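Hi,

Here is the structure I promised to pass on to you. Please have a look at it first, and then read on for my notes.

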Amino acid sequence: MLWVPIDRTLDISLKRQVYEYLKKLILHGELKAGERLPATREFASQLGISRNVVIEAFEQLLAEGYIIGQQGSGSFVADGAFLERNQEDEQTVFPDIFEEGIKEKDVIDFRSGIPALDMFPRREWGKLAKGVCIETPNSTFGYDHPEGRIELRRILSQYLRRTRGVKCCAEQIVITSGATQAFSLITRLLLYPGDKVIIEDPITFEIQTIFTSTGATLIPVPVDERGIKTDFISNEKEPKFIFVTPSHQFPLGSILPIQRRIQLIQFARANQCYIVEDDYDSEFRYDGEPISSLQGLDSERVIYVGTFSKNLSPALRMGYLVLPQALIERCRKLKWFNDLHTPSLNQMLLAHFIEQGILERHIRKMRKVYMERREVLRKALNREFGQLVEVSGDSTGLHLIAEFKGIEFTSELIERLYQNNVKVYPVEHHAIDKGRHVNKVILGYGNLKINEIEEGVCRLRIIYRGK
Ligand SMILES: Cc1ncc(COP(=O)(O)O)c(C=O)c1O
């Protein structure tokens, strides 16, 4: 006799319970093709539910092809609705993200590149969002151009010229879903299997993964306290592009001086290749004005990538490319293949946010906040570790590098620190040539309050315990 367990305490309708249960029996072959299902009236009374519930469940199974109905003679399991079980699927248990969230509560996480999430300008953003939603032209709610709204690209080009020395007009800008999508578009635009990319080493693991995704090879060039060592770049390599973070090397934190910038441009001109400039957090410079862009030296050789993930929030997924003329059309097409365009309402909102000066006001405010957090972190490290620690990286951005004498940040040590409720990130994880940065960690301070920074550094003391 066919039976369906009914549980009235569940937040799932009775129809759904009957439908799901029978569907599973059919899919798993426990009800076989041609088998007759009970008549709805008897089945309902046997299960103690209303007949309508059973009829609706059967109708759903019928609509999806699990059963066939024959007028007057009832419902039968359809042919071809059996699927062998996938063992892995059966065993997969999805982690409860809320439980994870609770566990993470006590951990002080020095993850880099996260701005102060509690200081997102919610009020200004929310107020503007309401106004923009009501007043924006109807076209904002339709399909749009792949390169993005002209309103945003126009205001962004002015902003970049004024604050970053980027030489561009609105036509050169393509709005992307964060810098990550910009890197992915560049990869598909320029790289084929076997192509070469000259790249700073270390550099984020994520960027390495994107560039090698189409079969390109990375040629790592070491970085010192003045950025990429341009003398190490050799002419024979013929790369498609050179990837750099000149305003604030990630992760080591150096600023590329003009002499090396000029060398890079000369190399790119001589080798007919591009330079990709990732300008991810340069607005936050604490002992002077932000460094001008490399793109300003040669707008036909440099592809400039920017993001609003650091100066506003990574959740916005808003970034942009400033392209040399020769790449604009192909990039527009690729963006269209990719996702048609970045959400227009958010673009309009951001355009107003910049135009009304709110972004720059927010950056000015956050510069002070981050400067203080950086100073607290530096002092706490000196206080706790004295001569054993060396702090490096220019006074910029949302992280610094701490080098611990005689220590190797193995996965065991990172785990031990995590058990002590503090999370740090080894530089070595981002190194291409392994072995040169084993005693360094990246300490992000953007999203940590002063007391958390102090406490976090105290928790790091166990690094030397047992040494
Ligand atoms: C070096 C670097 N560039 C760019 C980004 C920004 O990525 P997105 O704009 O996709 O958030 C990151 C993110 O952490 C980064 O580390």
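Below is what I found, going from the whole chain to single residues.

Please keep in mind that this is a predicted model.

**The chain as a whole**

The protein chain carries 15 helices and 16 strands. Its C-alpha trace spans about 90 × 60 × 50 Å along the principal axes. The radius of gyration is 29 Å, whereas a compact globule of 467 residues would come out near 23 Å. Half the story is inside: 50% of the 467 residues count as buried. Among contacts with a separation of 6 or more, 74% are between residues 24 or more positions apart.

As for the surface, the accessible area is about 23300 Å², and carbon and sulfur atoms account for 51% of it. There are 62 positive and 63 negative side chains, and the centres of these two sets are 4 Å apart.

**V427 and two cis prolines**

V427 sits in the loop between β15 (425-426) and β16 (440-444). Is V427 buried or exposed? With a relative accessibility of 0%, V427 is buried, because that value is under the 20% cut-off. Beyond its neighbours within four places in sequence, V427 is in contact with P202, P251, L252, I401, H437, K440, V441 and I442.

Two of those partners, P202 and P251, deserve a closer look. P202 is in the loop between β5 (196-201) and α9 (205-212), and the peptide bond joining D201 to P202 is cis, with omega about 5°. P251 belongs to the loop between β8 (241-244) and α10 (258-271); the bond from F250 to P251 is cis too, with omega near 10°. These are worth a mention because most peptide bonds are trans.

For a sense of distance, V427 and F120 are 307 residues apart in sequence, and their C-alpha atoms are 28 Å apart in space.

**S344 at the start of a helix**

S344 lies in helix α12, which covers residues 344-355. Which side chain makes a polar contact with the side chain of S344? That of D144 does, at 2.9 Å. Leaving out neighbours within four places in sequence, S344 is in contact with T140 and R149 as well as D144. S344 has a relative accessible area of 4%, so S344 counts as buried.

**Two residues with positive phi**

Most residues other than glycine have a negative phi, so you may like to check the next pair on your screen. Q272, in the loop between α10 and β9 (274-278), has a positive phi near 50°. R317 also has a positive phi, about 50°, without being a glycine; R317 lies in the loop between β10 (302-307) and β11 (319-322).

How exposed are they? Q272 has a relative accessible area of 61%, so Q272 is exposed. R317, at 32% relative accessibility, counts as partly exposed.

**E135, at the end of a helix**

Helix α6 covers residues 122-135, and E135 lies in it. E135 is exposed, because its relative accessible area of 66% is over the 50% cut-off. The C-alpha atoms of E135 and V244 are separated by 41 Å, with the two positions 109 residues apart along the chain.

Happy browsing, and best wishes

Terms used. Residues are numbered from 1 along each chain as its sequence is written. This is a predicted model: local features need pLDDT of at least 70, side-chain atom pairs count only at pLDDT 80 or more; totals for chains, interfaces and linings use all residues. Side-chain values use heavy atoms; hydrogens and water are left out. Helices (H or I, at least four residues) and strands (E, at least two) are DSSP runs, numbered from the N terminus. Buried means under 20% relative accessible area, exposed over 50%, partly exposed in between (1.4 Å probe, protein chains only). A polar contact is a pair of N or O atoms within 3.5 Å; within protein, one must be able to donate a hydrogen and the other to accept it, and residues adjacent in sequence count only if both atoms are side-chain atoms. Contact means heavy atoms within 4.5 Å. The radius of gyration is taken over C-alpha atoms; the globule rule is 2.2 Å times the number of residues to the power 0.38. Accessible areas come from the Shrake-Rupley method with a 1.4 Å probe; for residues, only the protein chains shown count as cover. Lys and Arg count as positive and Asp and Glu as negative; His and the chain ends are not counted. The place of a charge is taken as NZ of Lys, CZ of Arg, CG of Asp or CD of Glu.
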